[in-house]
Structure formats: structure tokens, C-alpha cells
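Colleague: I am new to reading structures, and I would like to understand the words people use for them. Could you take me through this one?

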Amino acid sequence: MDTVTFGWTAAESDRATAIRSYGLAPTAAGEPPALPEAEAGGALTNLVRLAARLCAVPFSVVNIITEDQQVQIAAWGVDPGVCSREDSMCAKVFLTGKTTVVPDASRDLRFADNPFVTGEIAAVRFYASVPLKTLSGFVLGSLCIFSDGPASPTAEQIGMLEVLAHQVVEVLELQHRTLQLSEALAELERSNAMLGEFAGRVSHDLRIPLTTMLGYIELAEDDPDIPPGHPAVEYLQFIGGGGRRMLKTLEDVLEYSRVDGTLHRERLSLLAVTAEAAHDLGVDLGPSSGIFCDDAELYADPVQLRLLLQNLLANALNYRSTERELKVTVGAAPGEQGMALTVADNGVGISPADRKRAMEPLVRLNRAGDGPGTGLGLATCRRIAQAHGGELEIRDSPGGGASISVLFRWDQ
């Protein structure tokens with residue numbers, strides 16, 4: 001009968017590390033591991049069930065062999081369990097790199113005195129197993145089928161068992177990549193949190209001396225001993241303008257760093273918060289400013305919602321069209337997942353090619369006629385949206401400008 005041959009060159013300690021990296025080590029209580037993905041557990045159960053049915057035997061298991069234990073992570077016909085490696089039948093053959101088929105284990109010198117054969121644990125007679133070799137070359141264990149009575153699968157059935165073993169490895173590889181991705185995401189979140197904290201501290205520490213410097217510049221600009229037209233007047237204007245731009249950047253960085261997943265959500269009036277945000281920008285709602293708002297109730301963090309609206313309204317004011325009177329509409333509509341807040345203007349808009357870049361921190365499009373900015377407004381709004389469990393979307397508005405939508409989820 002043809003069998004599949006697997007090479008084995010890895011040290012046992014490296015294999016133990018691989019088992020842990022695949023999330024297959026037993027728990028501290030000695031129980032089989034709970035697979036991180038319910039889909040993975042279900043897939044393995046289906047595979048062992050298929051293996052048993054295909055070979056017409058009552059029992060099938062996926063065994064992971066650790067340094068000192070056999071851990072069953074999926075089973076059909078028996079409950080998954082853990083036993084010592086010394087008692088494991090698969091532990092005796094899985095590193096040979098070959099499929100093992102034993103018609104009667106009680107007559108096989110390798111297994112005759114094994115407790116799974118003698119009746120101490122079970123009374124296995126027919127036994128077959130296929131090693132589980134990963135893409136990186138580690139043999140984690142085996143796909144095993146067995147019976148307490150005689151069985152005689154055909155060569156074709158054993159060949160299909162080997163195919164199923166490859167499918168088991170595919171499921172385990174998927175779980176491995178999922179764990180790696182989860183770890184990378186957790187590390188990225190920790191790194192972003194540290195970077196945000198660092199940016200916040202630096203911005204806060206720089207604001208004080210910069211504010212002091214701007215105060216002295218204003219005093220110098222008002223100094224009667226510096227006559228109009230003196231070169232110092234122009235120099236002070238350059239210094240003051242650069243300092244104020246730097247202060248605005250520091251304030252935006254500080255706001256960006258403060259946005260995280262910590263929310264204090266309340267039921268808020270969209271109209272009231274929009275009016276406050278407009279007032280922060282020195283304008284009122286209505287025809288005089290061109291900003292209109294339909295009231296709605298949002299369940300959101302009041303500070304973050306106000307900051308989001310302030311940034312979106314500031315963008316609408318900064319990127320207005322020179323060809324028409326400014327009109328900005330603010331509203332919210334309920335959906336299946338939550339309330340979708342929308343701020344739409346009739347300004348210059350954002351082209352589809354630039355929308356992804358426009359939401360990245362410190363990115364400015366640098367188009368002709370654009371007003372001043374730090375490139376943090378939309379990035380901050382996106383972080384606020386994500387903190388509330390939603391996402392920020394940019395589309396064209398009916399007025400020819402940009403329409404910014406933010407979802408505030410019901411279940412967050």
C-alpha cells in the first residue's frame with residue numbers, strides 16, 4: 001500500500017515552540033486547548049467525522065503530541081482528552097514520517113502492551129494514523145482512526161485519509177496565521193497608543209514655551225519704539241505667523257493623540273452640539289454662515305462629537321468654492337447598525353483618488369486655492385469614528401462638494 005512520506009529534521013524543542021505558536025498546547029488545567037476560531041474547531045470536527053465515516057470505523061481524532069502529552073483537539077466517537085505521551089499510540093510512530101496502518105494492534109510489538117490496547121484505557125484493535133506536517137516542516141501530531149474491532153480500509157480509503165490529513169493541516173495553518181495576525185494587531189495597537197501618548201506629551205510640553213514666545217512677539221509688534229516700515233516689523237510678522245501655525249499644529253496633534261477607545265457616551269442633540277462646534281469657529285448656524293443643521297439624537301461621547309463636527313465644519317469653511325455661496329448641511333439618519341451623521345458641503349470636494357490619503361495623519365492635498373491646515377482634521381475625525389465602532393466615508397455631495405459620513409453604532 002502506498003503511503004505519504006514526511007521528512008522530519010526539526011529538533012523536539014523547536015517543535016514544542018511551533019505547537020505553542022499554533023495555539024495547540026493544553027491549558028494550565030490540562031484540558032485540550034480551545035481553538036481561537038469557532039470555525040476552525042467546527043472544520044476539524046467535520047474532518048474527523050468524515051475520516052471515520054470514509055474508512056468505516058467508529059472513532060477518529062486529531063492528536064497533537066507535545067513534549068510530554070497527547071492532546072486531542074478534535075474527536076469523533078469519543079470525547080477529546082489528554083493523556084501522557086508515554087501512553088500515546090501516535091507518539092510511537094508520528095515522527096517516522098509515514099502513514100501507519102495496523103490491522104490488529106494487540107498483535108503488533110509496538111502497541112501490544114499499550115494501555116489503549118490492553119483494556120486499561122481502551123481496547124483498540126484496528127489503528128491507522130497520518131502525520132500532520134506544517135508548511136514550515138514541523139510535525140505537530142497525527143490524524144488517527146481506530147476501532148475496537150477488526151477493520152480493513154482499502155488502499156484508496158487510506159489515500160483519502162492522507163488527503164484529509166492535509167486538510168487538517170490547512171485548518172491549523174489558518175489558525176496559526178490568525179494568531180499571528182491577532183498578535184501583530186495587538187502590538188500595533190500598543191505601539192499606536194504609546195505613539196499617541198508621546199505625541200500628546202511633546203505637544204503639551206511645547207505649547208507653553210511657544211505660547212510665551214508668541215506673547216513676546218505680540219508685545220514687540222505693539223512696541224511704539226519700532227516705527228512703521230522698519231524691517232523688524234516684517235521679521236516679527238514672519239516669526240509670529242510661523243509660531244501661530246506651529247501652535248495650531250501642536251494643538252491638532254494634541255487633539256489627535258487624545259482620541260482613543262475610552263468613551264463617555266451620552267444621548268446628545270445634534271443641533272445643540274453642531275451649534276457649539278460652529279461657535280468654536282466664530283460662526284453661527286443659519287443663512288449668515290451658510291451652515292444648516294437638522295436635529296437628531298446621537299449616542300456619542302460629547303467631547304469627541306463636538307471635536308468631530310468642529311473639524312468637519314472647519315474643512316467646509318476652508319475648502320469652499322469661489323464660484324458659489326457656501327452651503328453646509330448637517331444631519332443624521334437611522335440605519336440598521338446605528339445613526340449615520342453626514343456633513344455635506346458645496347465646496348471644492350475631494351476626488352476619489354485622494355480620499356484615502358486625505359484621511360491619513362499629516363497629509364495635505366496641496367491643491368491650488370486650498371486654505372491653511374495641518375492635515376490632521378480628517379485623520380482625527382476618522383479616529384473618533386473608529387472609537388465609536390464606525391468608520392468615516394467620503395463621497396461626492398449633491399452640491400458638488402464633499403459629503404462626510406460617520407456611523408455611530410447602536411451596540412457600542
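Modeller: Gladly! One definition to begin with: contact means heavy atoms within 4.5 Å. Please keep in mind that this is a predicted model. With that cut-off, Gln 304, Leu 307, Leu 308, Asn 311, Leu 312 and Asn 315 in helix 7 meet Gly 377, Leu 378, Thr 380, Cys 381, Ile 384 and Ala 387 in helix 9.

Colleague: What classes of residue make up the contact of helix 7 with helix 9?

Modeller: There are 7 nonpolar and 5 polar residues, and no charged ones. Gly counts as polar in this scheme.

Colleague: How do the axes of helix 7 and helix 9 lie?

Modeller: The two axes come within 9 Å and cross at roughly 145°. The crossing of helix 7 and helix 9 is left-handed.

Colleague: Why is Gln 304 called buried?

Modeller: Buried means under 20% relative accessible area. Gln 304, which lies in helix 7, has 7% relative accessibility, so Gln 304 counts as buried. The C-alpha atoms of Gln 304 and Arg 383 are separated by 9.7 Å, although the two residues are 79 apart along the chain.

Colleague: And what makes Asn 311 count as buried?

Modeller: The reasoning runs along similar lines. Asn 311 is found in helix 7, and its relative accessibility of 13% is set against the limit of 20%, so Asn 311 counts as buried. Leaving aside neighbours within four places in sequence, Asn 311 is in contact with Gly 377, Thr 380 and Cys 381. From Asn 311 to Leu 281, 30 residues apart along the chain, the C-alpha separation is 9.5 Å.

Colleague: How do you know that helix 9 is mostly covered?

Modeller: Count its buried residues: helix 9 spans residues 377-387, and 8 of its 11 residues are buried. They are Gly 377, Leu 378, Ala 379, Thr 380, Cys 381, Ile 384, Ala 385 and Ala 387. After helix 9 comes Gly 389, with a positive phi near 85°.

Colleague: Why is helix 6 called oblique to helix 7?

Modeller: The axes of helix 6 (residues 270-280) and helix 7 (residues 302-318) come within 8 Å and cross at roughly 55°. Angles under 35 degrees count as roughly parallel, and 65 to 115 as roughly perpendicular. The crossing angle fits neither group, so helix 6 is oblique to helix 7. The crossing of helix 6 and helix 7 is right-handed.

Colleague: Which residues meet where helix 6 touches helix 7?

Modeller: From helix 6 come Leu 270, Val 273, Thr 274, Glu 276, Ala 277, Ala 278 and Asp 280, and from helix 7 come Leu 305, Arg 306, Leu 309, Gln 310 and Leu 313. By class, this contact of helix 6 with helix 7 holds 7 nonpolar, 2 polar and 3 charged residues.

Colleague: What makes Ala 56 count as exposed?

Modeller: Exposed means over 50% relative accessible area. At 62%, Ala 56 is over that limit, so Ala 56 counts as exposed. Ala 56 sits in the loop between helix 2 (38-55) and strand 1. Its phi is also positive, near 60°, in a residue other than glycine. Most residues other than glycine have a negative phi.

Colleague: Now the strands. What makes strand 3 and strand 4 edge strands?

Modeller: An open sheet of 6 strands has the order 3-2-1-6-5-4, with antiparallel pairing. Strand 3 (82-84) and strand 4 (100-102) each pair on one side only. From one strand to the next, the twist averages 25°.

Colleague: How do you know that strand 1 pairs with strand 6?

Modeller: Two strands pair if there are at least two bridges between them. Strand 1 (residues 59-65) and strand 6 (residues 139-147) run antiparallel and are joined by 6 bridges, so they pair. Phe 59, for example, has Phe 146 in strand 6 as its bridge partner.

Colleague: Which strands does strand 10 (residues 328-334) join by bridges?

Modeller: Strand 8 (residues 291-293) runs parallel to strand 10, with 3 bridges between them, and Cys 293 stands opposite Val 330. Strand 11 (residues 338-345) pairs with strand 10 in the antiparallel sense over 7 bridges. A hairpin of 3 residues joins strand 10 to strand 11.

Definitions and conventions
Residues numbered from 1 in each chain as written. Predicted model: local features only at pLDDT ≥ 70, side-chain atom pairs only at ≥ 80, totals over all residues. Heavy atoms only, no water. Buried < 20%, exposed > 50% of the residue type's maximum accessible area, 1.4 Å probe, protein only. Helix = DSSP H or I, 4+ residues; strand = E, 2+ residues; numbered from the N terminus. Axes fitted to C-alpha atoms, helices over the stretch in contact; angles between N-to-C directions. Parallel < 35°, antiparallel > 145°, perpendicular 65-115°, else oblique. Left-handed = near helix turned anticlockwise from the far one by under 90°.
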